[in-house]
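Visitor: I should be grateful for a guided reading of this structure. Please explain the reasoning behind each description as we proceed.

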Amino acid sequence: MTVITTGEKMDSSALINSTKKPFAKRLKLDLKNHWQMYLLALPVIAYFFIFNYAPMFGIVMAFEKFQIKKGIFGSQFVGLTHFERFFTSPFLWRLLRNTLLISFYGLLFSFPLPIIFALCLNEVRNKRFKKTVQTISYLPYFISVVVVVSILFDFGKADGIITNMASLFGWDGGAVISSARWFRSLYIGSNLWQHLGYNSIIFISALAAVDPTLYEAARIDGANRWKQTLHVTLPGIASTIIVLLILRLGQIMGVGYEKIILMYGPSTYETADVIASYVYRVGILDADYSYSTAVNLFNSVVNMVVLFLANFISRKVNETSIW
Amino acid sequence: MRKRFLSSLTAALLLTTVLGGCGSTAADAPNEESAEATIKEADTPLSDAPSEASAEETGAIPKSDIYKGETNQQTYPLSKEKITLTYWYPNAGSIGTLADYNDSEFFQWLEEKTNIHIEFIVPASGEEGQSFNNLFITGELPDIMYTQPKSQMYRDGMDAAIDDGYICDISEHLDWAPNYVSWLNSIETAKQDVFTDSGKMYGFWSFWDNMENGYADQGLSIRKDFLDKVNMDIPTTYDEWEKVLTAFKDELGIEAPFYTSKYGIDHGEFMAGFGIAPRFYQVEGKVKFGPMEDAYKDYLLLLNDWYKKGLLDPDFATRKSTGVAADNDMMLNDKVGSLVDWGTRMTDAYISRGATNPDFWTVAVPQPKKSASDPDPAWRDVSNNYHDIQAVCLTVNANSEHLEEAIRWVDSFYAKDVYLNANYGIDSEKDTVWYEADDGHRIGIYDFRYSNPDGLDSATVAAKYWAKNPPVRCEASQIEQMPPERAASYAVWSKYAPTNYIPVTVTMTSDENAEYTQYFTDIDAYIQENEVKFINGERSLDEYDAYRATLKDMGIERCIELQQASLDRYNNR
């Protein structure tokens, strides 16, 4: 018994029907009939154009020896020099590995756990208890990342609580916060602590949208709570999960630099230095704009390939995709 | 040659006015007689001219012409109408509790005197470098910028900033800067430092007033009360240090007997006894790179040994900053035995900062040596101070609407009345903020600063009554106001001549700079990372040769060559 939302199907069938007329004509007609809708969408379109598409022109810098005085148009064109420099950099593999691993582990833990948390919460009958737990769980989300990192530094120093706990289990490498082996665990663990509740909100609301009559029918068929979860709840939110998963895959190379640069240090570069933090160091701190643009462009290209792949696989396997 | 002639002429003009004894500016008509007279007395640029011409032909850098003069040569107000200049002033950390530097009595006084209002642009603490780069990208360059060329530099080098038309070449406007010219003439070594290799002047450099050989405002310090408790003397050799630190650890249970910042390496005060320095340094004109030297490995072996014995701060790998600014808490709670600290924090200064131990007492200690008979290390931290100049200069926007006023405003700081007021508080605050010593020079009133009657903290007092880090600093006399024990620290640290230091004003060409950063950004990250590992034992020091080989692969030898080339040019200036 599977329930798949039919929204996408309806859309696509509507598209197929209207492909008979050429695009320009359809657009014109649509503009005439639904101009209010287009008006409403205009600010959003403008936003994406101005802030996301227009700056893409700056990619040109990746192929130039950019000099501030000469500007984007006047700087000398150097082709793929910057890319060559990055591909021969001793840090290339480490940066790639760290970026992918932090993303992958992040996905592995911080993606399913909010779902499980939402499912558990869904089973709680006491409304007041449920609300309280939910509120408490997403409170850490509102703590600034700077504060979270300073808490980590305090807990992770040589006589901090995390280090002490680790030494109970035989750890003798000193402060965990300055240990390369602990970096990913601390990074992902604190992320999880901070975002678990907040990330589960979308699933909780998706769960609320599952038709109650389906549960009734399942109960009549003799399904217990576990079976109900397996056959009603999960399929009910499957499309939400998959769309969010694809979106997450689209960010697989996009480990944010903010938390990393707050947390890392020379002793943890080995596992902590990611492409974004490298770009920050080279581009913003050393003002090597061309090179950092090239590195970031490479990052974006890899990212896009992953996104397309994930979407393609998802479309083949279970007919859900973001486009 | 034409330009040379012009600058000679300008200089001659300037001279004339100085000799004429009039306080007005170079607008006066030249007086041939007096000009000739002074040329004979002064550094005689005209008679140098033939040799300079030949120097130019052979590609050497010509020396510029500077004349001796007197201070107080500006006419006030500097502007008839009230104008506003923007001033990029990255001193967020020094503002205390003031909202704006215009709340400073000194800047209010200066505004009245010069008729120039200053709009301070203060970037957030820690984002100075980034903010500096952004000034150029956005094209919204302020009229005046407070620049630290070691940490904030135009991407292609400061020379390029002039060529690209951003920064004003002050050597073309020396007639607007008579006070500064006087300063340059009064200091033998200054000329080499203030001119770039191509003979330009991108900034007004900061000077120490009346200081021989610069001075050190920070250095190694140790808890004297701890030493007394364990019955030991101030250590002078590495062996003695180890005994003292061990006693701190075993007898007193100190958590960090030796606190190192900068991920364990500090500024080189402690390693200097091995004859090395943290990064680039020079030995008689030859550039060397610390981590490539064998002695550096020995030093890391020592630190590794001490780390294993628990003599280092167990959290050293997370300590970025200088001193304990980032971790005052450790200092105040008796967890630190020795460290690199600032002079203003010596002796009992921590008690007023909240140290719980009433016996708190730190004293300055000399840099350790391998054996007592070794010569003194030829190194100390001079990241701030070299010769008589500081690593800070004020640059002026070449496209400023008020170029002349901006230059004159900056120049006024080199006049005695202005810099005295900037350093000690304004004239009308005599006997409140400062007093006059018997020989007429000013001394700040210690109690006013450190136990302020209005309850202000010492940083706010500094910001409110004088100018923080003015272009001329009278630190020597400021030390006098301190209790003798604290003042003595400066003498301990300043004892070491920083002959191995590479001057801050060494400049690379824009091509060199581009090539250098391409290598060195990665190298520096790699070194920091591995030094931490060598010290905490994650990487064995047996692999030091492999490590050096990696550095070679990463281009360290080319970096040394580039540093050498720029140092050679500096020495030939």
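The conversation below goes through helices, strands and the contact between two chains.

Guide: Please note at the outset that this is a predicted model.

Visitor: What makes up the secondary structure of chain A?

Guide: Chain A has 17 helices and two strands. Its C-alpha atoms fill a box of roughly 70 × 65 × 35 Å along the principal axes. Of the 323 residues in chain A, 25% are buried.

Visitor: Why are α12(A) and α13(A) called oblique to each other?

Guide: Helix α12 (residues 212-220) and helix α13 (residues 225-249) of chain A pack at an angle of about 140°. Angles over 145 degrees would count as roughly antiparallel, and 65 to 115 as roughly perpendicular. The angle belongs to neither class, and α12(A) and α13(A) are therefore oblique to each other. Their axes are 10 Å apart, and the crossing is right-handed.

Visitor: Which residues make the contact of α12(A) with α13(A)?

Guide: Leu214(A), Tyr215(A) and Ala218(A) come from α12(A), while Gln228(A), His231(A) and Val232(A) come from α13(A). They divide into four nonpolar, two polar and no charged residues.

Visitor: How do you know that α20(B) and α22(B) are oblique to each other?

Guide: Between α20(B) and helix α22 (residues 556-572) of chain B the angle is about 135°, with the axes 9 Å apart. The roughly perpendicular class ends at 115 degrees and the roughly antiparallel class holds angles over 145. The pair α20(B) and α22(B) is therefore oblique. Here α20(B) passes α22(B) in a left-handed crossing. Among the residues in contact are Tyr516(B) and Phe520(B) of α20(B) and Leu562(B) and Ala565(B) of α22(B). The contact of α20(B) with α22(B) divides into eight nonpolar residues, one polar and three charged.

Visitor: What does each chain give to the contact between chain A and chain B?

Guide: The contact takes 25 residues from chain B and 25 residues from chain A. On the side of chain B that touches chain A, the elements giving two or more residues are α5 (128-138) and α20 (510-536). The most comes from α20(B), with ten residues. That side of chain B divides into eight nonpolar, ten polar and seven charged residues.

Visitor: Why is one side of β6 and of β10 of chain B left without a neighbour in the sheet?

Guide: The order of the strands in this open sheet of chain B is β6-β9-β5-β10, with mixed pairing. Because β6 (256-258) and β10 (362-364) stand at the edges, each has a single partner strand, and one side of each has no neighbour in the sheet. From one strand to the next the twist averages 40°.

Visitor: How do you know that β6(B) and β9(B) pair?

Guide: Pairing requires at least two bridges. Two bridges join β6(B) to strand β9 (residues 336-342) of chain B, in the parallel sense, and the requirement is therefore met. Phe258(B) stands opposite Ser338(B) in β9(B). Helix α10 (residues 238-252) of chain B lies across β6 and β9, running at about 170° to β6(B).

Visitor: Which way do the residues of β3(B) point, and are they buried or exposed?

Guide: Ile144(B) and Tyr146(B) point one way from strand β3 (residues 144-147) of chain B, Met145(B) and Thr147(B) point the other way, and all are buried. In a regular strand the side chains alternate between the two faces of the sheet. Strand β1 (residues 83-88) of chain B pairs with β3(B) in the parallel sense over two bridges, and Ile144(B) in β3(B) is the bridge partner of Tyr87(B).

Key
Residues are numbered from 1 along each chain as its sequence is written. Chains are lettered from A and ligands numbered from 1 in the order in which they are written. This is a predicted model: local features need pLDDT of at least 70, side-chain atom pairs count only at pLDDT 80 or more; totals for chains, interfaces and linings use all residues. Two residues are in contact if their C-beta atoms, placed from the backbone, lie within 7 Å. Helices (H or I, at least four residues) and strands (E, at least two) are DSSP runs, numbered from the N terminus. Ala, Val, Leu, Ile, Met, Phe, Trp, Tyr, Cys and Pro count as nonpolar, Asp, Glu, Lys and Arg as charged, and the others, Gly among them, as polar. Axes are lines fitted to C-alpha atoms, for helices over the stretch in contact, and angles run from 0 to 180 degrees between N-to-C directions. Angles under 35 degrees count as roughly parallel, over 145 as roughly antiparallel, 65 to 115 as roughly perpendicular and the rest as oblique. A crossing is left-handed if the near helix is turned anticlockwise from the far one by less than a right angle, and right-handed if clockwise. A residue is buried if 20 or more other C-beta atoms lie within 10 Å of its own, exposed if 12 or fewer, and partly exposed in between; C-beta atoms are placed from the backbone.
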